[in-house]
Amino acid sequence: MWKERFGIPEDVFEGFSFFRRGRMIWAFSLPEIPPFRCESIGMRVISMRESPWKPTTYALQLWGRHARKNVIDLDDEMARRFFAGESLELRAQVDRGYVVVTHMGSVIGCGLYTPGRLISQLPRERRILEVDDQHAPEHHAQPGDTQHECSE
């Protein structure tokens with residue numbers, strides 16, 4: 001999934017082991033599962049509840065910087081709205097489905113793209129409803145700064 005969907009090279013995952021429990025896949029940094037009974041281990045990276053499988057925001061924040069396709073970079077205003085959990089009207093040259101959403105090159109998380117629309121997949125507990133201008137980034141997007149692109 002990671003290579004086909006996002007162009008993330010397989011060597012990025014070296015040093016990680018993966019564990020499937022139910023409809024979730026977890027990643028952890030041990031060579032094997034510890035010999036004690038546990039509910040889960042590591043970080044949840046994929047939800048298999050629906051098709052296509054959904055990468056978690058946590059996983060994209062860890063590995064999304066290596067993505068070479070299906071990436072949408074948002075300008076300041078769109079990033080604020082995405083952080084708040086809003087759907088955005090935009091056109092991007094990416095494939096329909098889950099995308100890596102970035103702002104100024106930093107990964108925000110997972111979005112679901114359908115032609116003309118980006119739906120925030122940020123977990124509710126991680127959304128930011130208001131950004132204090134005093135703590136907003138210094139960079140202010142200029143017309144033409146926004147890139148909605150997909151390489152390859």
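**Strand pairing, nonpolar cores and the setting of Ser 17**

In this predicted model, strands β2 and β3 run antiparallel and are joined by 4 bridges. Within this pairing, Met 24 has Ser 47 of β3 as its bridge partner. On β3 there is also an antiparallel pairing with strand β4 (residues 54–55), formed over 2 bridges. Here the bridge partner of Ile 46 is Pro 55 in β4. The connection from β3 to β4 is a hairpin, which passes through 6 residues.

Strands β2 and β3 also take part in the largest nonpolar core, as each is among the elements that give two or more residues to this core. The other such elements are α1 (2–6), α2 (57–63), β7 (97–103) and β8 (106–114). Of these, α2 gives the most, with 3 residues. The core has 19 residues in total, and those with the most contacts inside it are Trp 2, Phe 6, Ile 8, Val 45, Leu 60, Trp 63 and Val 100. Beyond its neighbours within four places in sequence, Ile 8 is in contact with Trp 2, Lys 3, Phe 13, Trp 63, His 66 and Ala 67. Another core, of 15 residues, lies apart from the largest one and includes Leu 74, Tyr 113, Leu 118 and Leu 122.

Ser 17 belongs to strand β1 (residues 17–21). Its relative accessibility is 15%, so Ser 17 counts as buried. A polar atom of the Ser 17 side chain lies 2.6 Å from the backbone oxygen of Leu 30. When neighbours within four places in sequence are set aside, the residues in contact with Ser 17 are Trp 26, Ala 27, Phe 28, Leu 30, Pro 31 and Glu 32.

Technical notes
Residues are numbered from 1 along each chain as its sequence is written. This is a predicted model: local features need pLDDT of at least 70, side-chain atom pairs count only at pLDDT 80 or more; totals for chains, interfaces and linings use all residues. Side-chain values use heavy atoms; hydrogens and water are left out. Buried means under 20% relative accessible area, exposed over 50%, partly exposed in between (1.4 Å probe, protein chains only). A polar contact is a pair of N or O atoms within 3.5 Å; within protein, one must be able to donate a hydrogen and the other to accept it, and residues adjacent in sequence count only if both atoms are side-chain atoms. Contact means heavy atoms within 4.5 Å. A nonpolar core is a set of buried Ala, Val, Leu, Ile, Met, Phe, Trp, Tyr and Cys residues joined through side-chain atoms within 4.5 Å. Two strands pair if DSSP finds at least two bridges between them.
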